[in-house]
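Here's a quick briefing to go with the sequence and the 3D view. Take a look at the picture, then read on for the main points.

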Amino acid sequence: MQDIYVQLAKIKDALHVKLTHPFLAKYIPSPMIDEDKLLLFYALFDQTDLPEEKKENYIITAMLVQIALDTHDEVSTSAHLRQEEFKQRQLIVLAGDYFSGLYYALLSEMQDIGMIRTLATAIKEINEHKIRLYEQSAADFDSFTASLLKVETSLFEHVSDYIQAGIFSRLTTAFLSYKRLLLEKSKYSSESHHRTGDSAKKKKNAGAIEWTGVYLKEFCNRYFEETAALIESSFQQPSSLQKVLLARLQSFKYNQEMRYTTLAEEGL
Amino acid sequence: MKFKMAYSFLNADLDLIEQELEKTVSSTEPLLSEAGLHLLQAGGKRIRPVFVLLSAMFGEYDIEKVKKVAIALEIIHMASLVHDDVIDDAELRRGKPTIKAKWDNRIAMYTGDYLFARSLEIMTSLENVAAHQILSKTIVEVSLGEIEQIKDKYDYEQNLRVYLRRIKRKTALLIAASCQLGAIAGGVPESVHRKLFLFGYYVGMSFQITDDILDFTSTEEELGKPVGGDLLQGNITLPVLYAMEDDELKQKISKVHSRTTKEEMDEIIRAIIASDAISRSVKVSDMYLEKGFNILSELPRNRARSALSSIAKYIGKRKF
């Protein structure tokens, strides 16, 4: 198990080196690395016969894409900014563009045109769904939920298809869907608890579509069960990676339950 | 000869590219299609596709193959403009509202990212590793150039080398890549596509220097933005660098900041125009053009070469 954490730390260090730019570091926060996505990319590539160096490079490129996309989510829409904030916004735009360029450059060096196309298709799809969510143009609840989860999982789905990851494709999708819905559930419950004079049964989410607590609970439970079962069945023999994934999954559930207990104890 | 006359034999192919650009920017998400169409309808010189097509003519010209590269490069350029307008907080581009003005910054970011991804999808139809290495390095350099531009703003101590490196990254490299990638798509020998890269690089440098000169010598009407706008925004260009060789003028220029009044700017602009800064900048622009012509003379004689030469001449003489 220790080996996995060492490997992940090594990849994370290499990713940090790629992301580091002295001028950007001076003015904008260091890009956030989603540890779960890193772990899941690691899991995807761990099942392949690729040489270690190539696996690492693929994980780094996929994470660069994720970070580039996340960075652009941070661009503010404010009309009135102080000079420093304005400069920061300018650099956030450029940082995202720079990270996108890096993924393309790294894959070009790896001479993998197919993977360039794969990641580009995923980015295209993610931005289509981001716009749909942002514009609240989803026609109904199902398409809203589909867009929400697509933004989270599209990159993994395309990469999985490309490397023919088989069951691991379903595993990563289910894992990320569970995590995303848990976040929605957490936001929902927090806002419900803070609302007064309201039945608090529904919460307005992204404008046109409303979550319901029951729906979210059912959805989360379903994805938890599915992910746990996939982790159990995806490995031919017990492995450290399997334990790490399961532990991570269970920690989400545990933290969520702890949160509810705390809220209840605080009488909220 | 009018600019477009120089390559009128490409008209049918450029029309095809225009149609394909429309198809390429369309999406299942109506807003993205609308934004893409809005950008295309704002026009533009389509100079990158022209360079791609002309450079491909030095080899085996197959429009079906070459058009992919032309479309990819134009869309990369479009994507960068959408993000540039967020960076500059620009309301108008070519007289039309920018994506960020028509919608907002977030939509502009998603549109730019979508377009960039779309361009790479198209580009990967060219199964040539060298081409992707050239383009990806160019894209990284362009990003670094833009970051440098922010870093160098209002830095009145920067030197000529910093300026030249910045405009190389900001403008010249993508034009150079357009020429080289067009040539690669046409299957020309390496010795030829390297020369076409250099031609594009020299022309791109001249193009940007001319742009920087026009920022002082053109009118607000022609520029679509205030005269001296680059300096007001803190961009130290070649005419400014030359003007600052005069200590008295340097003192005035180095006081410019984002809130400098129009009257103060007008006085500085007049002083820059009255100095030898403009004529010296023109000389540098001409020097790059000359290098471009020299490279062209080493290439096989054909109508593409004549057209490239005419375009280079136009770039040297353009008034806006």
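In chain A, 73% of the contacts between residues at least 6 apart in sequence join residues at least 24 apart. The figure for chain B, counted over contacts between residues at least 6 apart in sequence, is 73% joining residues at least 24 apart. Keep in mind that this is a predicted model.

**Chain A at a glance**

- Chain A is built with ten helices and two strands.
- Going along the sequence, the order is α-α-α-α-α-α-α-α-β-β-α-α, so to speak a string of helices with the strands written as β-β.
- Of the 268 residues in chain A, 54% are buried.
- About 12600 Å² of chain A is exposed, and 51% of that comes from carbon and sulfur atoms.

**Chain B at a glance**

- You'll find 16 helices and two strands in chain B.
- Chain B is as compact as a globular protein of its length, because its radius of gyration is 20 Å, close to the 20 Å that the globule rule gives for 320 residues.
- Measuring along the principal axes, the C-alpha atoms of chain B fill a box of roughly 55 × 50 × 35 Å.
- Buried residues account for 59% of the 320 residues of chain B.
- The accessible surface of chain B is about 13500 Å², with 50% belonging to carbon and sulfur atoms.
- On the charge side, chain B carries 44 positive and 46 negative side chains, and the centres of these two sets are 4 Å apart.

**Where the chains meet**

- The size of an interface is often given as the accessible area lost when the parts come together.
- Here, chain B and chain A bury about 4100 Å² between them, and carbon and sulfur atoms give 65% of that.
- On the chain B side, B:Arg106, B:Tyr110 and B:Ile147 lose the most area to chain A, together 16% of what that side buries.
- In terms of contacts, 46 residues of chain B meet 43 residues of chain A.
- B:Glu121 sits in helix 6 (residues 105–123) of chain B, and this residue touches A:Arg117, A:Ala120, A:Thr121 and A:Lys124, leaving aside residues up to four places away in sequence.
- B:Glu121 counts as buried because its relative accessibility is 14%, and the cut-off for buried is under 20%.

**Two loop residues with positive phi**

- A:Gln164 isn't a glycine, yet its phi is positive, near 55°.
- A:Gln164 belongs to the loop between helix 7 (141–163) and helix 8 (167–194) of chain A.
- With a relative accessible area of 69%, A:Gln164 is exposed, since exposed means over 50%.
- B:Arg46 isn't a glycine either, and its phi is positive at about 55°.
- The loop that holds B:Arg46 runs between helix 2 (30–41) and helix 3 (47–56) of chain B.
- B:Arg46 is buried, with a relative accessible area of 10%.

**A lysine out in the open**

- B:Lys255 is in the loop between helix 13 (247–253) and helix 14 (262–274) of chain B.
- Its relative accessible area is 61%, so B:Lys255 is exposed.
- B:Lys255 and B:Lys68 are 187 residues apart along the chain, and their C-alpha atoms are separated by 47 Å.

Note on methods. Residues numbered from 1 in each chain as written. Chains lettered and ligands numbered in written order. Predicted model: local features only at pLDDT ≥ 70, side-chain atom pairs only at ≥ 80, totals over all residues. Heavy atoms only, no water. Helix = DSSP H or I, 4+ residues; strand = E, 2+ residues; numbered from the N terminus. Rg over C-alpha atoms; globule rule 2.2 N^0.38 Å. Buried < 20%, exposed > 50% of the residue type's maximum accessible area, 1.4 Å probe, protein only. Contact = heavy atoms within 4.5 Å. Areas by Shrake-Rupley, 256 points an atom, 1.4 Å probe, with all protein chains shown as cover. Lys, Arg positive; Asp, Glu negative; His and termini not counted. Charge placed at Lys NZ, Arg CZ, Asp CG, Glu CD. Buried area = accessible area lost by both parts, 1.4 Å probe.
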